[in-house]
Amino acid sequence: MSITIILLLFLINHMEAKPTYISHVCSNTTHNTYMLNVELLLSSFSSYANSSSGFYNASAGQDPDVVYGLFLCRGDLSPEICQDCVNFATQDIIHRCPTQKMGITWYDECFIRYSNEYIFSTVAVKPFAYQMIISRTTFRLHNASHSQLVAAISVTAANAAFSPSGYKINFATGEFEAGPSEKLHNILQCTPDILSSDCYKCLLKGIGELPNLKIVKQGGIFLSSCIIRFNLIPVNPSPQDPRAPAQPPSLPVPTDNKTGRADVAREKAAWIIVGSSLSTILGILFFSFCVYTLWKRKSEKNAVNIEQIIIEDDGQTTILVNNFHQMPLYTLQIATQFFSKENKLGQGGFGPVYKGTLEDGREIAIKRRSRTSRQGLDEFMNEVKLIANLQHRNLVRLLGYCLEQNGKLLVYEYMPNKSLDAFLFDSNKSFELNWQRRLHIINGIGRGLLYLHEDSRLKIIHMDMKTSNILLDNDLNPKISDFGMSRIFEENQSEANTKKIAGTYGYMAPEYAIRGLFSIKSDVFSFGVILLEIISGKKNNRFHSSEVDENLLTFAWKLWSKNQELELMDPLILESSVAFEVSKCIHIGLLCVQEDPADRPTMSSVVIMLSSDNITLPQPKQPAVSVRRLLSRLASSNQKVSSNNQVSLSDISPR
């Protein structure tokens, strides 16, 4: 009896099962020479189908009749099944596409593709096909959670390790709770010759087609460079090498003169192997499920936390403005080509900034918090909840955020001209900023700050106004950015105090840097510094003068007091400037940087002064010396910087 069973199992295992046909596409009729090259190419596939990678590509013939072809076997199947599928497919595709230049045939176990165009290392999402198997135990697939799971698995597939043959496996599996007692098992796979980012693009295209599979218990989306497959039957995830031979190695069996005892020993060894294999598979599946569950819960928890904070400030159930939402990490990875160096725009206090392009063609800028950044979750949340409630033409627009996989990312509209300092202090670009453009930028910054201080429904102190936080769009319109340090004031609140001082030398108001006091007048001081920098083309904290305590502010005041203020002007704007306008702006800048906050105007007054030619301006007083030097003096004389918050020099550092 046992011999009969073993014989039957042997015959079943060695029967060449016919692959499960899904679909095929053929196009462009050709001639006999080309088709002979197709047959020559396909005949070579069989000898490579048993390889550990389950993938092979090659070409045959010469121009203009050269043909390129490849095959890919499902990553969870054994080399024997792969070879059976390829052997069948190489014959079947000739019958289905007997005279066409391009052909592709999908089976459940593998697919074969050939073309007269070069297809190696090139992602292709078309043509594609669906597979839907409907039965009494079907369920609806257009569940957003399933799409999110598939998207998460696609990250693993795109970044999969290399197989022994040297190819990237580009293969991953996962599970989805389809019902009370059913699990949907997913397989995602790309041809291993394409880049990880291209693999991701292909899988994203497939994810986008998931809603078209309305009611199904088994099926998939089969593209030209990748597949997404799901089934109620579990699959073998095998993360190291998914295409390792399915048959386990034979174990040594003790010999015995009696055949019966040898058979028993063999049967015991077989059951031990089966039990060990099942335990390993179940362990891997359980571990994968636990990891995914923890990841999902953490992502959901982070999303809820940030929304709760916004609700507390907003007081309403609708918390997000138009087009503002939490964005999936995979979308941002694809948009930036996995945060490649080529897409990096720069580095800030929060972390690197990358340029990205969404699938709809919109360009975005993504701020990604670096692990070494001192700006934590509180500042991240602060920026999100503030800018989500702000809408003004001179404020940068936040499109979304991401809190997945311990990452903190902010997604903004893309500013092609980067920041003001990149133009103003660059000898190759500053000539593009004539006086009219500089005056336009000054007015725009003033209106943006006025909105923050008085016109928005929240009274906001920016706290870090500087030229690098002024972004420029296509038309050089200024937009204020970086609200990570911003503070909200009550309507009747005039000032506040903090022990945590952070800012940038050259832009910080003296009362904030020394005593931790801040108000709307702190932003006014910073605006005055920016205004004088725009006119002079010089940076305040890098200003060099023969006088020890002189900085850009005191130098401007000295020239103004001698009626020589136009000497402060950047030589590049001499021809385009209007002397009266330049003189008035220098005057306003000096009013903004006065040492006593009470002597500085409000931003509403500043905007009026900038727009009026007939208003009489008050006389400014001498600005404070450099904050850095003042703090150094206080430290060297052992004076306390503040009696109530004990701020030291180390607490103030450039960002």
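## The five-stranded sheet

In this predicted model, five strands come together as an open sheet whose order is 1-4-5-3-2, with antiparallel pairing. The edges of the sheet are formed by strand 1 (21-29) and strand 2 (55-60), each of which pairs on one side only. On average, and with direction ignored, neighbouring strands of this sheet are turned by 10 degrees against each other.

Within the sheet, strand 4 (residues 100-107) and strand 5 (residues 110-115) are joined in the antiparallel sense over four bridges, and Ile 104 has Arg 113 of strand 5 as its bridge partner.

## Helices packed on the sheet

Helix 3 (residues 79-96) packs on this sheet, where it touches strand 1, strand 3, strand 4 and strand 5, and its direction makes about 140 degrees with that of strand 4. Helix 2 (residues 32-45), for its part, lies across strand 2, strand 3 (67-73), strand 4 and strand 5, and it runs at about 30 degrees to strand 3.

## Aromatic pairs

Across the whole structure, a search finds 13 aromatic pairs. Tyr 48 and Tyr 56 make up a stacked pair, with 3.9 Å from centre to centre and 5 degrees between the planes. The two partners differ in their burial class, since Tyr 48 is partly exposed at a relative accessible area of 39%, whereas Tyr 56, at 16% relative accessibility, counts as buried. Another pair, that of Tyr 118 and Phe 120, is edge-to-face because the ring planes stand at 65 degrees, over the 60 degrees required, while the centres lie 5.2 Å apart. In this pair Tyr 118 is exposed, with a relative accessible area of 52%, and Phe 120 counts as buried at 10% relative accessibility.

Tyr 48 and Tyr 56 also belong to a cluster linked by ring pairs, which includes Phe 45 and Phe 71 as well.

## Helix 12 and the nonpolar cores

Helix 12 (residues 520-536) has 17 residues, and the distance from its first C-alpha to its last is 25 Å, close to the 24 Å expected at 1.5 Å a residue. This helix is mostly covered, with 17 of its 17 residues buried. Just after helix 12 comes Gly 537, which takes a positive phi of about 75 degrees.

The largest nonpolar core has 71 residues, and the residues with the most contacts inside it are Leu 420, Ile 445 and Phe 527. When neighbours within four places in sequence are left aside, Phe 527 is in contact with Ile 442, Ile 445, Gly 446, Leu 449, Cys 592, Met 603, Val 606 and Leu 610. Apart from this core lies another, of 24 residues, with Ala 60, Cys 82, Ala 89 and Cys 110 among them. In soluble globular proteins, nonpolar side chains tend to be buried together.

## Strands 14 to 16 and Lys 367

Strand 14 (residues 344-347) runs antiparallel to strand 15 (residues 352-357), and three bridges join the two; here Gln 347 has Pro 352 of strand 15 as its bridge partner. Strand 15 is in turn joined by five bridges to strand 16 (residues 363-368), again in an antiparallel arrangement, and Tyr 354 has Ile 366 of strand 16 as its bridge partner. The hairpin of strand 15 and strand 16 has five residues between the strands, and in this hairpin Gly 361 takes a positive phi near 95 degrees.

Strand 16 also contains Lys 367. This lysine counts as buried because its relative accessible area is 13%, under the cut-off of 20%. Not counting residues up to four places away in sequence, Lys 367 touches Phe 350, Pro 352, Val 353, Glu 383, Lys 408, Leu 409, Leu 410, Tyr 412 and Asp 482. Pro 352, one of these contacts, is the residue that serves as bridge partner to Gln 347.

## The protein as a whole

The protein has 16 helices and 24 strands, and buried residues make up 52% of its 655 residues. Of the contacts in the protein with a separation of 6 or more, 68% are accounted for by residues 24 or more positions apart.

Conventions
Residues are numbered from 1 along each chain as its sequence is written. This is a predicted model: local features need pLDDT of at least 70, side-chain atom pairs count only at pLDDT 80 or more; totals for chains, interfaces and linings use all residues. Side-chain values use heavy atoms; hydrogens and water are left out. Two strands pair if DSSP finds at least two bridges between them. Axes are lines fitted to C-alpha atoms, for helices over the stretch in contact, and angles run from 0 to 180 degrees between N-to-C directions. Contact means heavy atoms within 4.5 Å. The expected span of a helix is 1.5 Å times one less than its number of residues. Buried means under 20% relative accessible area, exposed over 50%, partly exposed in between (1.4 Å probe, protein chains only). A nonpolar core is a set of buried Ala, Val, Leu, Ile, Met, Phe, Trp, Tyr and Cys residues joined through side-chain atoms within 4.5 Å. Rings of Phe, Tyr and Trp (its six-membered ring) pair if their centres lie within 6.5 Å; planes under 30 degrees apart count as stacked, over 60 as edge-to-face and the rest as tilted.
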